[in-house]
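Thanks for coming, everyone. Let me put the structure on the screen, and then we can walk through it.

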Amino acid sequence: MIHNRPGRWRRLALVASLCMLATACTGGQQPFRPSYPQSGLSIAAPISPRPNIVFILTDDLSMNLLPYMPHVQALALRGMTFKDYFVVDSFCCPSRASIFTGQYPHDTGVFTNGGADGGYAGYNHFGNPPKSFAIGLRRAGYRTGFMGKYFNGYDPRFKPAPGWDTWFGVGDGYRAFDYWVNDDGKRTHYGSRPQDFLNSVMTTKASNFIESARGAGKPFALELATFSPHKPYAAAPRDVGTFPTVTAPRGPAFGRAPANAPAWLQWMPRFTASDVQSLDLAFRQRVESVQSVDRMIEELERELIKTGELRNTYFVFSSDNGLHLGEHRMLAGKTTAFDTDIKVPLIVAGPGVPAGSTVSAMASSIDLAPTFLQIAGARPTDR
C-alpha cells in the first residue's frame, strides 16, 4: 500500500467513485472486486480486462479556461467531472512528482522547481523514478508512452526516464517552437515551421503510438504533458488573434483583497489601468494557447475510434496546478492556497463511467497513480 497513508486505496475508490475503474483485471483473472463501500454508480458497459489509459496533463491550466475548450466539455458530457479535485502543491515540479508517485512532497523530497530539493535533479536525487506509476504499468504488461514536459531542468541529452517504452521528452518547450527533444534516446531539434508546433508534433506522435500498441495487441498507457498554457502562453499560428474581445474574468475576487488577508497579501496595491490591460491580454493569450490542447483531445479520440479502442480507453484530463490572474488583487501567478491555484480540472471518460456524471467528494493529485495501477490490475510500485 502507499507509504504512510493507510487505507489510501479504499479511500481513493470511494472518494473518487473511480471504483468502477478498478474492476479492470489482468488477463485470465477474475475481475477485481473492491472490499470498500460502493458509490452507487453502476457500470454502464462491460469492461475489458485490459483497458487503456490516455492521460493529458496540462501546465498552469485554470478552471476559467474550460468554457473555451469545447472538446474538454464534450469529454465531460460523455464522462465524469470531479468538482473538488485539488493538487497537493501549486508548483510544477512538486505537483508532477506527486502525480507520478502518489506521494506528498514530504515523501518525494521535491518542493521547488530547481536546486537540491526540486526539479529534475531533486526528483532523481531522492530516488523517485522507481516509484513512478509507469513502472507498475509496464510490469503489468502495458506498453507505456510519455510525451512532452517532464520536469524543470530536464535536458534532452539525459536518458529517458525508466518505465516508459516510448519516450519523447522535451527540454525547454514553453515557446512551442525551436526546441530539442529526446526521442527514444535520440536528441532531435524542431524548428519554427508551422508543422514544428509542439502540441501538433505530440499529437502525431501519440497517434502513432496508439496505432503501434494496437498492432502489437498490447494495452497501452500514454501520458501527454503539454507546456500549454504556461507562460509565454504560446499558441498555434492558426489560433493567434482568434479571441480579440476576450477579457480576464471579472469574478467577485477580481482586483479585491480578501477579508483578513495574510500579511504578504495586505500590501498589494490596487490595479492600474495598465495592470488590467496586461491581465486581459494574458487571459486572451491563454485562451488561444489551449485551443491546440482542445484539438489534441479531438484528434486522439478520432485515433481511438479508428483503432477500435475508444470504448476500451480511460481518457483523463487534468493540470499540474492552476493560476490566479487578477483574483485577490494579485497579478499572474500561482503557489498560493487559493482555489484559483490548487483547484484544477479532473475529467475522466471511459468504460463504465456514467456519461455526464459528477463527483462532489474531494479527490487529490496523489490519487492518480494508484488509480492508474488499479485500472491495470498492477501492483503498487516501489515506495
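I will go through one strand, one helix, some buried polar and charged residues, and the salt bridges.

One caution before we start. This is a predicted model. Please keep that in mind throughout.

Start with strand E1, residues 52-58. How many of its residues are buried? The count is 7 of the 7, so the strand is largely enclosed by the rest of the structure. Now look at the side chains. Asn52, Val54, Ile56 and Thr58 point one way. Ile53, Phe55 and Leu57 point the other way. Both sets are buried. The general rule is that side chains in a regular strand alternate between the two faces of the sheet.

Which strands does E1 pair with? One partner is E9, residues 313-319. That pairing is parallel, with 7 bridges. Within it, phenylalanine 55 has valine 316 as its bridge partner. The other is E8, also parallel to E1, joined to it by 5 bridges. There, isoleucine 53 is matched with alanine 221.

Next, helix H7. It covers residues 198-216, which makes 19 residues. From first C-alpha to last, H7 reaches 27 Å, close to the 27 Å expected at 1.5 Å a residue. After the helix comes glycine 217, with a positive phi near 70°.

What does H7 bury? The list is Leu198, Asn199, Val201, Met202, Thr203, Ala206, Ser207, Phe209, Ile210 and Ala213. Watch the spacing as you read it. An α-helix has 3.6 residues a turn, so residues three or four places apart point the same way.

And what do those buried residues pack against? Five strands and a helix turn up, so let me name them one at a time. The strands are E4 (143-149), E5 (166-170), E6 (179-183), E7 (186-190) and E8 (220-225). The helix is H9, residues 273-306.

H7 also meets a loop residue. Threonine 307 sits in the loop between H9 and E9. Threonine 307 has a relative accessible area of 13%, which is under the 20% cut-off, so it counts as buried. Beyond its sequence neighbours within four places, threonine 307 contacts Ile210, Glu211 and Arg214.

Now a residue for the electrostatics people: arginine 329. It lies in the loop between E9 and helix H10. Arginine 329 is buried, yet has no salt bridge. How far away is the nearest side chain of opposite charge? That is aspartate 275, at 9.4 Å. What the arginine 329 side chain does reach is the backbone oxygen of glycine 255, at 3.5 Å. Setting aside neighbours within four places in sequence, its contacts include Met268, Pro269, Arg270 and Phe271. Arg256 is also on that contact list.

On to the salt bridges. The structure holds 16. Take glutamate 301 and arginine 78, which meet at 2.8 Å, N to O. Glutamate 301 is in helix H9 and arginine 78 is in the loop between H2 and E2, so the pair ties together parts 223 residues apart in sequence. Glutamate 301 is buried, at 15% relative accessible area. Arginine 78 is partly exposed, at 28%.

A second pair is aspartate 84 with lysine 343, at 3.5 Å between the closest N and O atoms. This one also links distant parts of the chain, 259 residues apart. Aspartate 84 is in the loop between E2 and E3, and lysine 343 is in the loop between H10 and E10. Aspartate 84 is partly exposed, at 24%.

A third pair stays local. Glutamate 303 and lysine 306 bridge at 3.4 Å. Both lie in helix H9, 3 residues apart, about one turn. Buried or exposed? Glutamate 303 is buried, at 7%. Lysine 306 is exposed, at 59%. Elsewhere, salt bridges with shared partners join Asp59, Arg96, Lys149 and Asp320 into one network.

Last stop: serine 95, in helix H3, residues 92-101. Its relative accessibility is 0%, so serine 95 counts as buried. Leaving aside neighbours within four places, serine 95 contacts Val87, Asp89 and Asp320. That is the Asp320 from the network. Serine 95 and serine 365 are 270 residues apart in sequence, but their C-alphas are 7.6 Å apart in space.

That is my tour. Over to you for discussion.

Methods
Residues are numbered from 1 along each chain as its sequence is written. This is a predicted model: local features need pLDDT of at least 70, side-chain atom pairs count only at pLDDT 80 or more; totals for chains, interfaces and linings use all residues. Side-chain values use heavy atoms; hydrogens and water are left out. Helices (H or I, at least four residues) and strands (E, at least two) are DSSP runs, numbered from the N terminus. The expected span of a helix is 1.5 Å times one less than its number of residues. Buried means under 20% relative accessible area, exposed over 50%, partly exposed in between (1.4 Å probe, protein chains only). Contact means heavy atoms within 4.5 Å. Two strands pair if DSSP finds at least two bridges between them. Lys and Arg count as positive and Asp and Glu as negative; His and the chain ends are not counted. A salt bridge is a side-chain nitrogen of Lys or Arg within 4 Å of a carboxyl oxygen of Asp or Glu. A polar contact is a pair of N or O atoms within 3.5 Å; within protein, one must be able to donate a hydrogen and the other to accept it, and residues adjacent in sequence count only if both atoms are side-chain atoms.
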